[in-house]
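The exercises below are meant to be worked through with the sequence and the model open side by side. Try each task before reading its solution.

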Amino acid sequence: MIEVNNLVKKYGNHLALDHISFKIEKGHIYGLLGPNGAGKSTTMNILTGYLAATEGEVIIDGHSIFDEPDLAKKNIGYLPEQPPVYMDFTVFEYLKFAAELKGIKKNERLKNIKEAMEMARVFDVKDRIIKNLSKGYRQRVGLAQAILGFPDIIILDEPTVGLDPKQIIEMRELIRNLGKKHTVILSSHILSEVSEICDYILIISGGKLVASDKASNLSNMKEEKQKVKLVVKCEINRAKEIALKVTEDVKVKSTPQKEYVEVEAFAKEDIREAISIAYMNEKCPIIAMSSNETSLEDVFLELTSGNNTKDNTIKEKKSEKAVESVIDETMEDILEENDENNGKEEE
Ligand SMILES: Nc1ncnc2c1ncn2[C@@H]1O[C@H](COP(=O)(O)OP(=O)(O)OP(=O)(O)O)[C@@H](O)[C@H]1O
């Protein structure tokens with residue numbers, strides 16, 4: 001449906017897009033996710049023919065956006081970051097004007113405008129002057145303009161920016177509804193928004209595409225069993241028995257310090273709370289605890305931390321390493337403290 005090949009955009013000497021390539025297939029909601037300045041708006045403006053690229057190509061339904069812009073743009077509705085609304089028009093006047101610009105046939109215009117207004121939920125303000133509307137309503141008017149004519153592909157640049165929490169929820173619901181019949185590409189710098197609404201996520205950082213996959217694949221580490229590692233002050237068999245009450249996948253290991261036991265408990269869900277309560281109930285003190293859960297947030301932070309290349313993969317489970325070091329440090333501290341105490345006792 002959309003093929004983006006080696007897209008490069010330079011603003012003077014500034015490289016805003018650095019050889020970006022991806023494909024958009026029909027019938028999904030895609031999220032272009034990245035921190036501020038990553039290159040999301042630049043990408044969207046090029047996809048929609050608003051901006052020329054320095055290099056590369058964008059093919060939409062077989063037509064190049066640069067060589068055959070009219071044919072390529074035919075099936076695209078675009079809501080830029082700043083909705084292109086005319087403040088002195090009423091909502092209806094503006095949409096009528098937009099329908100004319102889009103070349104929607106005269107006899108279909110009224111029906112189309114009505115449907116778009118209903119879908120974007122602006123029908124009740126159709127006779128109001130746009131400048132008197134709230135930001136949320138103006139955004140919805142912009143959305144109605146984007147969906148006029150019901151193009152196959154709807155591109156929305158930061159559609160929830162500047163909206164209040166209620167308006168954000170409504171806008172997300174509208175987008176989900178649109179996704180039932182259209183291919184939607186939206187940009188956002190909010191991870192939770194993209195993971196909540198989108199089927200596929202493209203993560204862009206510093207002008208490079210650093211990941212693109214199904215939301216579920218990107219966070220699939222979260223689906224793996226999480227490991228909770230503990231050091232408890234308890235007899236080894238009892239330590240195992242207690243953890244087994246919470247999950248059936250448990251390993252225990254004695255430590256050089258006899259009174260402490262290292263426990264590793266694995267589960268699909270987060271069992272940190274349950275396991276601490278279990279040891280607390282049995283009056284077994286927990287000396288150290290941590291977990292290796294890797295969330296989509298970890299993935300996002302890792303990929304956009306600034307040291308990534310296009311080929312970046314998540315090879316290391318950073319947080320697991322952190323756990324190991326916390327536990328090792330804790331054990332070292334405990335052992336050191338004990339040695340000191342023993343020393344004192346011997347003195
Ligand atoms: N017209 C321009 N002239 C010069 N530099 C620009 C221009 N437009 C964007 N840039 C720069 O290009 C980079 C990408 O900008 P872009 O607006 O595409 O990012 P973005 O991911 O959409 O960010 P935001 O979420 O803040 O809108 C940024 O460093 C930005 O400062």
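A residue is called buried if 20 or more other C-beta atoms lie within 10 Å of its own, exposed if 12 or fewer do, and partly exposed in between, with C-beta atoms placed from the backbone. By that rule, buried residues make up 35% of the 347 residues in the chain. This is a predicted model, in which local features need pLDDT of at least 70 and side-chain atom pairs count only at pLDDT 80 or more, while totals for chains, interfaces and linings use all residues. Residues are numbered from 1 along each chain as its sequence is written.

**Exercise 1.** Work out where isoleucine 65 sits and whether isoleucine 65 counts as buried or exposed.

*Solution.* Begin with the secondary structure, where helices (H or I, at least four residues) and strands (E, at least two) are DSSP runs numbered from the N terminus. Isoleucine 65 lies in the loop between strand S5 (63-64) and helix H2 (69-73). Next, count its surroundings: isoleucine 65 is buried because it has 23 C-beta neighbours inside 10 Å. Finally, list its contacts, a contact being two residues whose C-beta atoms, placed from the backbone, lie within 7 Å. Leaving aside residues up to four places away in sequence, isoleucine 65 touches Leu47, Gly49, Val58, Ile60 and Ala72.

**Exercise 2.** Describe the residues around the ligand by element and by character.

*Solution.* A residue belongs here if its C-beta atom, placed from the backbone, lies within 6 Å of the molecule. The residues around the ligand include Tyr11, His14, Lys40, Ser41, Thr42 and His189. Strand S2 (14-24) and helix H1 (40-47) each supply at least two residues of this shell, and H1 gives the most, with three. For character, Ala, Val, Leu, Ile, Met, Phe, Trp, Tyr, Cys and Pro count as nonpolar, Asp, Glu, Lys and Arg as charged, and the others, Gly among them, as polar. The shell then divides into three nonpolar, eight polar and one charged residue.

**Exercise 3.** Trace the open sheet formed by six strands and explain why one side of S6 and of S10 is left without a neighbour in the sheet.

*Solution.* Strands pair if DSSP finds at least two bridges between them. The order is S6-S7-S8-S3-S9-S10, with mixed pairing. Strand S6 (76-79) and strand S10 (208-214) stand at the edges with a single partner strand each, so one side of each has no neighbour in the sheet. Within the sheet, strand S3 (residues 29-33) runs parallel to strand S9 (residues 200-205), and four bridges join them; glycine 31 has isoleucine 201 as its bridge partner in S9.
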